[in-house]
Amino acid sequence: NLYRPSHADYTYAAKYGIRDWRGGGRASARVTLATVAAGAIAQKYLREKAGVEFLSYVEQIGDIRTDIDEATVTREKIEAQITRCPDTIISQKMEALIHEVRTEGDSVGGLVRGIIRHVPVGLGEPVFDKLEADLAKAMLSLPASKGFEIGSGFGGVLMTGRQHNDPFRARRGQVYTTTNFSGGIQGGISNGQPIFFRVAFKPVATVMH
């Protein structure tokens, strides 16, 4: 008969008149099981049919962060670590922090970086269905997600326009940019460069005391 802090108990009860005290119902992180299953199928299909590659890895846990070059990240490196951080040394530090916080009955948040390679030019719409807006909606629909940024993200405010602009070049009839602060999307439409974004997840609300 008590509302749990930072859970959806109160908002669900207020909106629907139902409170699933057994674990949060649709607000539980367990609902991501279906998202993961559907995503695995979509990922396999798009890789085989269009050559698009999707990767995601843990970039930060608490105050421990990797600065690994995302261009060098492979699926094998990611899956070789229990934390899904492709940086071996940083992964070990993350694992130690998680165990430390867990023994205290607490939780810790983190950042996940997403990378989409070999993206066709022209995906997305210029207004209501901007590609980055659709990605943001998908990522922020995940339980515990609290922030989304694409390309330079919030770091872009520290740059000038000249620094941030992505110059165009052409090679063998293919247009590309020499930098990618746009994160592969301009005007809501993919430009053929890799798409990269980050999602921030809050500490899990369920703590031991």
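**Close-up views of a predicted model**

**View 1. Helix α4 at I98 and the neighbours of this residue.** Once residues within four places in sequence are set aside, I98 makes contact with I61 and V108. This is a predicted model, and the stretch of it shown here is helix α4, the home of I98. Is I98 buried, exposed or partly exposed? Its relative accessibility is 34%, so I98 counts as partly exposed. For a sense of scale, the C-alpha atoms of I98 and S145 are separated by 18 Å, with the two positions 47 residues apart along the chain.

**View 2. The second largest pocket, with I98 in its lining.** I98 returns here, now as one of the lining residues of the second largest pocket. Its companions in the lining are V101, R102, G105, D106, S107, V108, V204, T206, V207 and M208. V108, also seen in the first view, is a contact of I98. How much space lies in this pocket? The value is about 240 Å³. By residue class, the lining divides into six nonpolar, three polar and two charged residues.

**View 3. The whole chain, for orientation.** Before going further into the details, here is the full protein chain, which has six helices and nine strands. The C-alpha trace spans about 65 × 40 × 40 Å along its principal axes. The chain holds 209 residues, and buried residues make up 30% of them. If you look at contacts between residues at least 6 apart in sequence, 60% of these join residues at least 24 apart.

**View 4. The largest nonpolar core.** Nonpolar side chains tend to be buried together in soluble globular proteins. In this model the largest nonpolar core has 13 residues, and those touching the most other members are I116, L135, F148, I150, I185, I195 and F197. Which elements each supply at least two residues of this core? They are α5 (131-140), β4 (145-150) and β9 (195-201). The largest share, four residues, comes from α5.

**View 5. F197 and its surroundings, with a glance at another core.** F197, one of the core residues that touch the most other members, is the centre of this view. Not counting neighbours within four places in sequence, its contacts are V112, R113, G114, I116, L135, M139, F148, E149 and I150. There is also a second, separate core, made of eight residues, with C85, M94, L97 and V101 among them. V101 also takes part in the lining of the second largest pocket.

**View 6. G110 in strand β3.** This glycine belongs to strand β3, which covers residues 110-117. Its relative accessible area is 18%, so G110 is buried, the limit being under 20%. Which residues does G110 touch, beyond those up to four places away in sequence? They are Q60, I61, V199, A200 and F201. I61 is familiar from the first view as a contact of I98. Between G110 and A27, 83 residues apart in sequence, the C-alpha to C-alpha distance is 19 Å.

**View 7. Two loop residues with positive phi.** Most residues other than glycine have a negative phi. R84 is not a glycine, yet its phi is positive, at about 65°. It sits in the loop between α3 (75-79) and α4 (88-103) and is partly exposed, with a relative accessible area of 34%. H118 also has a positive phi, about 60°, without being a glycine. The loop that holds H118 lies between β3 and α5, and at 55% relative accessibility this histidine counts as exposed.

**View 8. F181 in the loop between β6 and β7.** The loop in question runs between β6 (174-177) and β7 (185-186). F181 counts as partly exposed, at 28% relative accessibility. Leaving out neighbours within four places in sequence, F181 is in contact with G151, S152, M159, Q163, H164 and D166. The C-alpha atoms of F181 and G155 are 9.8 Å apart, while the two residues are 26 apart in sequence.

**View 9. The aromatic pair of Y3 and Y10.** With ring centres required to lie within 6.5 Å, the count comes to three aromatic pairs. In the pair shown, the rings of Y3 and Y10 have centres 5.5 Å apart and planes at 75°, so the pair is edge-to-face, a class that takes angles over 60 degrees. Is Y10 buried or exposed? At 52% relative accessibility, Y10 counts as exposed.

Methods: Residues numbered from 1 in each chain as written. Predicted model: local features only at pLDDT ≥ 70, side-chain atom pairs only at ≥ 80, totals over all residues. Heavy atoms only, no water. Phe/Tyr/Trp six-rings, centres within 6.5 Å; stacked < 30°, edge-to-face > 60°. Buried < 20%, exposed > 50% of the residue type's maximum accessible area, 1.4 Å probe, protein only. Core = buried A, V, L, I, M, F, W, Y, C linked by side-chain atoms within 4.5 Å. Contact = heavy atoms within 4.5 Å. 1 Å grid on protein atoms, 1.4 Å probe; cavity = no way out; pocket = protein on both sides within 12 Å on 5 of 7 lines; lining within 4 Å. Points joined across faces, edges and corners; volume = space filled by probe spheres on them. Nonpolar A, V, L, I, M, F, W, Y, C, P; charged D, E, K, R; others polar.
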